[in-house]
Amino acid sequence: MRKKIEITDFEKAIGENLSELVKEKIDECEFVYDEISKEERDSLTLLIIDFLLEDIFVKKAGPHRINDWVKGWGENCTEFSDSGDFNSLVPKYFGKHPYVRWEGQWIKPSNKDFEYNMVRILQYWLFEKFFSSCENIYEFGCGTGHNLFRAHEVNSSATITGLDWASSSQETLQEINRVYGFDFSGHNFDFYNVDNDFVLGENSGVYTFAALEQIGSRYNDFVEYLVKNNPGVCIHVEPMAECLDKEELCDYLSIKYFEKRKYLNGFANHLASLADDGKIEILYEKRSFIGSVFINGYSIIAWRTKNA
Ligand SMILES: C[S@@+](CC[C@H](N)C(=O)[O-])C[C@H]1O[C@@H](n2cnc3c(N)ncnc32)[C@H](O)[C@@H]1O
């Protein structure tokens, strides 16, 4: 059956009334989809089980992947330099599969921009909620910098910085500044070798979006760095098994996929233990309403240090 996700559906999924900005952004998109048949659900389940049983061709996250990221973002950068078109900044993994997840279940969107538009809505909502009054906004693991446009749109007076270990990311930010006349700063930053000399500015908002997913269990140094820098607020939108329900099939397959790809592991529990020790305060923790064909990978945690 064909359905449309309306503003009220988003409000129900998020559990809050939405701002005028977010409602406008929803209105600009076509969130139309078909519910899937039992046969489609079976074949998606089998697709993921086959992937989970595969060993040779699975790309596992880790330090060995740096050249893949440099090369991938380098291709986006070249395309963007030639065209000046924002769409060349959007990672090519969006819209690759004809199915996505809404409220934890697979659906078949009517257009290939569906997942990216969902991501946009999620970011407008989060950035408005947490970053409206920040003076500095940082995205760690920013890739091509396409998310930074939303941060800038929501808070145009904040200084915006995008960090990534791939040098092609910093090159892309320079190109963005050239084409759009922005003043985004780019900085090389490796989660595995945290640069403690890079100091966050006053009243900072920090976020990661599907970036810590790449570092498995090696987030301790980065979290320590953040706590030391005492930002106003940190948001992470990442695959977090702790936020999912392993008794439910789609979530269970997600969790197994995280394990297979060596994605982020134990991060939410780590932050919870820092909160128990009184070092930080968790402001928000929830799975989100969207996902890609393979995973519910956009769970959200927002936190700040006790003295922020
Ligand atoms: C899935 S992409 C997401 C990029 C961006 N946040 C977005 O939403 O488009 C993962 C990002 O993490 C970055 N990354 C992976 N390992 C990293 C590391 N050790 N230090 C810094 N960045 C890293 C990659 O270069 C890439 O930009």
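In the predicted model, Asn136 stands opposite Thr159 of strand 6. This pair belongs to the junction of strand 5 (residues 136–140) and strand 6 (residues 159–164), where five bridges are formed and the two strands run parallel. Both strands are part of an open sheet of seven strands, arranged in the order 7-6-5-8-9-12-10 with mixed pairing. The sheet is bounded by strand 7 (185–188) and strand 10 (280–286), each of which pairs on one side only. On average, and with direction ignored, neighbouring strands of this sheet are turned by 20° against each other. Helix 10 (residues 267–276) lies across strand 9 (233–238), strand 10 and strand 12 (299–305). Relative to strand 10, helix 10 runs at about 145°.

A second open sheet comprises five strands in the order 1-2-4-3-11, and its pairing is antiparallel. Its edges are formed by strand 1 (2–4) and strand 11 (290–291), each pairing on one side only. Strand 1 is joined to strand 2 by three bridges in the antiparallel sense, and within strand 2 the bridge partner of Arg2 is Asp34. Strand 2 (residues 32–35) is also linked to strand 4 (residues 105–109), again through three bridges and with the strands running antiparallel. Here Glu35 is placed opposite Ile107 of strand 4. In a regular strand, side chains alternate between the two faces of the sheet.

Helix packing was examined next. Two packed helices are described by the angle between their axes and by the distance between those axes. The axes of helix 5 (residues 114–131) and helix 6 (residues 146–154) come within 9 Å and cross at roughly 45°. Because of this angle, helix 5 is oblique to helix 6. The crossing of helix 5 past helix 6 is right-handed. Helix 5 contributes Arg120, Gln123, Tyr124, Phe127, Glu128 and Phe131 to the contact, and helix 6 contributes Asn147, Arg150, Ala151 and Val154. Classified by residue type, this contact contains five nonpolar, two polar and three charged residues.

Helix 5 also packs with helix 2 (residues 20–27), the axes coming within 10 Å and crossing at roughly 175°. Helix 2 and helix 5 are therefore roughly antiparallel to each other. On the helix 2 side, the contact is made by Leu21, Val22, Lys25 and Ile26, and on the helix 5 side by Arg120, Ile121, Tyr124, Trp125 and Glu128. These residues divide into six nonpolar, no polar and three charged. Arg120, Tyr124 and Glu128 of helix 5 thus appear in the contact with helix 2 as well as in the contact with helix 6.

The surroundings of the ligand were also analysed. The ligand has 18 residues around it, of which Trp69, Gly141, Gly143, Trp165 and Gln214 come nearest. By class, this shell has 12 nonpolar, four polar and two charged residues.

Technical notes: Residues are numbered from 1 along each chain as its sequence is written. This is a predicted model: local features need pLDDT of at least 70, side-chain atom pairs count only at pLDDT 80 or more; totals for chains, interfaces and linings use all residues. Axes are lines fitted to C-alpha atoms, for helices over the stretch in contact, and angles run from 0 to 180 degrees between N-to-C directions. Helices (H or I, at least four residues) and strands (E, at least two) are DSSP runs, numbered from the N terminus. Angles under 35 degrees count as roughly parallel, over 145 as roughly antiparallel, 65 to 115 as roughly perpendicular and the rest as oblique. A crossing is left-handed if the near helix is turned anticlockwise from the far one by less than a right angle, and right-handed if clockwise. Two residues are in contact if their C-beta atoms, placed from the backbone, lie within 7 Å. Ala, Val, Leu, Ile, Met, Phe, Trp, Tyr, Cys and Pro count as nonpolar, Asp, Glu, Lys and Arg as charged, and the others, Gly among them, as polar. Two strands pair if DSSP finds at least two bridges between them. A residue is near a molecule or strand if its C-beta atom, placed from the backbone, lies within 6 Å of it.
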